[in-house]
Amino acid sequence: MFIKNKSLDLRNLFKKKLVRIVGAHDGLSAKLIGESGFDGVWASGLEISASYGLPDANILTMSEYLERAIEMNEATSLPVIADCDTGYGNVNNVIYMIEKYEKAGVAAICIEDKIFPKVNSFIEGRQDLADIDEFCGKIKAAKNTQKNPHFMVIARVEALIAGWGMKEAIKRADAYAESGADAILIHSKKKDKKEIIEFCKKFKKNIPLVIVPTTYPKFNEKEMPKLGIKMVIYANHVIRSTIKAVSETLNKLNKKGELSSIEKDIAPLSQVFDLQGMATLKSNEKSYLKTKTSNTQLLIPAAGAPPPKEIKNLQKIDKFIAKNYPVSLLKIGNKTILDMSIDSAKLNNINNFKLISGYKSDYFKKFNSLK
């Protein structure tokens, strides 16, 4: 059985000038990222926690984050990089985490050098950093645990976020590179790119740099490779655009009170079915779902008027019924002749009917689905 090595795919992407990754929170958003032409998916801790309606502060468990990462990985052919916060605990948690994420087929993980439990980097206060040696131990444990040689461990430096300065950021990045990290993610919450550019110029280790330009959006992709930046992650823009679009749709529908007010602004159902793979499902059913139901089509002529000679011999009430109903709708016991014909056909696994009506055709309304 062929199993796609997405870690190798991710490694090969680094041969490009710039690897472009987008954050997701479920299988559908991961699939949309793939269809939009990006290189990979970031299983974003912020996006996943937000999709639960919870803070990005290690409230969810590793298993809950892993479940979403697996969902994304199965929904797209792109490599998935999992945002694993601080590694969900100490070095033993990191070892367990690597075993689980690698086994699930995730291409890479990213861990940050903060103390567990952490709080989102863009929230003021409590941005405490872990000891450098402790975090280096996590990196070494992760690299020694992985079995796939192409699996990547990205070390995220939070010194600039915590306000510990450029010198500390360089010191930590150097130590993490020496401990075996495959790439360094340097994080900043400044409103411009100057801090990131300064770091890139001062960092001398020969490993890829990764950035997340959430707060400095004017950093153009064309400038990044010249600074040693090999990967850019647009980490939270899918959930933010989702929130805005859904809120606008609900507000408009609530205000107008009819679906026509939003229909032109939302995706058609056909697109939903395409994303679900409905065409493949139907194709598989056609190829493999065999039943005992016959493909034979039964043609039922049901247009006849009752013969006048026969009506003369009937009782008064029966004469009225016979005059006003087609023969096939006359009852024998509690069932019409037509119902008995259909029941007999179904007993022989024939469910494909064509009904021909003429005389008193309005009386066949309940059989419209057979026509």
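In this predicted model, L209 stands opposite I229 of strand β8. The pairing belongs to β7, a short run covering residues 209-211, which lines up with β8 in the parallel sense over three bridges. Strand β8 also has β1 as a partner: four bridges join the two, and again they run parallel. Here V19 finds its bridge partner in M231 of β8.

Strands β1 and β8 turn up again in the surroundings of helix α1, which spans residues 6-13. At the N-terminal end of α1 sits N5 as a cap, with a side-chain oxygen 3.2 Å from the backbone nitrogen of S7. S7 is itself one of the buried residues of the helix, along with K6, L10 and L13. These residues cover an arc of only 115° around the axis, so they end up on the same side of α1. As a rule, an α-helix has 3.6 residues a turn, so residues three or four places apart point the same way. The buried residues of α1 pack against quite a list of elements: β1 (19-24), β3 (80-83), β4 (108-112), β5 (152-157) and β8 (229-234), plus the helix α4 (62-75).

As for the cysteines, the disulfide count comes to zero. Take C84, which is in no disulfide: the nearest cysteine sulfur belongs to C110 and is 8.1 Å away. C84 counts as buried because its relative accessibility is 0%, and C200 counts as buried too, because its value is 7%.

How values were computed: Residues are numbered from 1 along each chain as its sequence is written. This is a predicted model: local features need pLDDT of at least 70, side-chain atom pairs count only at pLDDT 80 or more; totals for chains, interfaces and linings use all residues. Side-chain values use heavy atoms; hydrogens and water are left out. Buried means under 20% relative accessible area, exposed over 50%, partly exposed in between (1.4 Å probe, protein chains only). The arc is that of the directions from the helix axis to the C-beta atoms. Contact means heavy atoms within 4.5 Å. A polar contact is a pair of N or O atoms within 3.5 Å; within protein, one must be able to donate a hydrogen and the other to accept it, and residues adjacent in sequence count only if both atoms are side-chain atoms. Two strands pair if DSSP finds at least two bridges between them. A disulfide is a pair of cysteine sulfur atoms within 2.5 Å.
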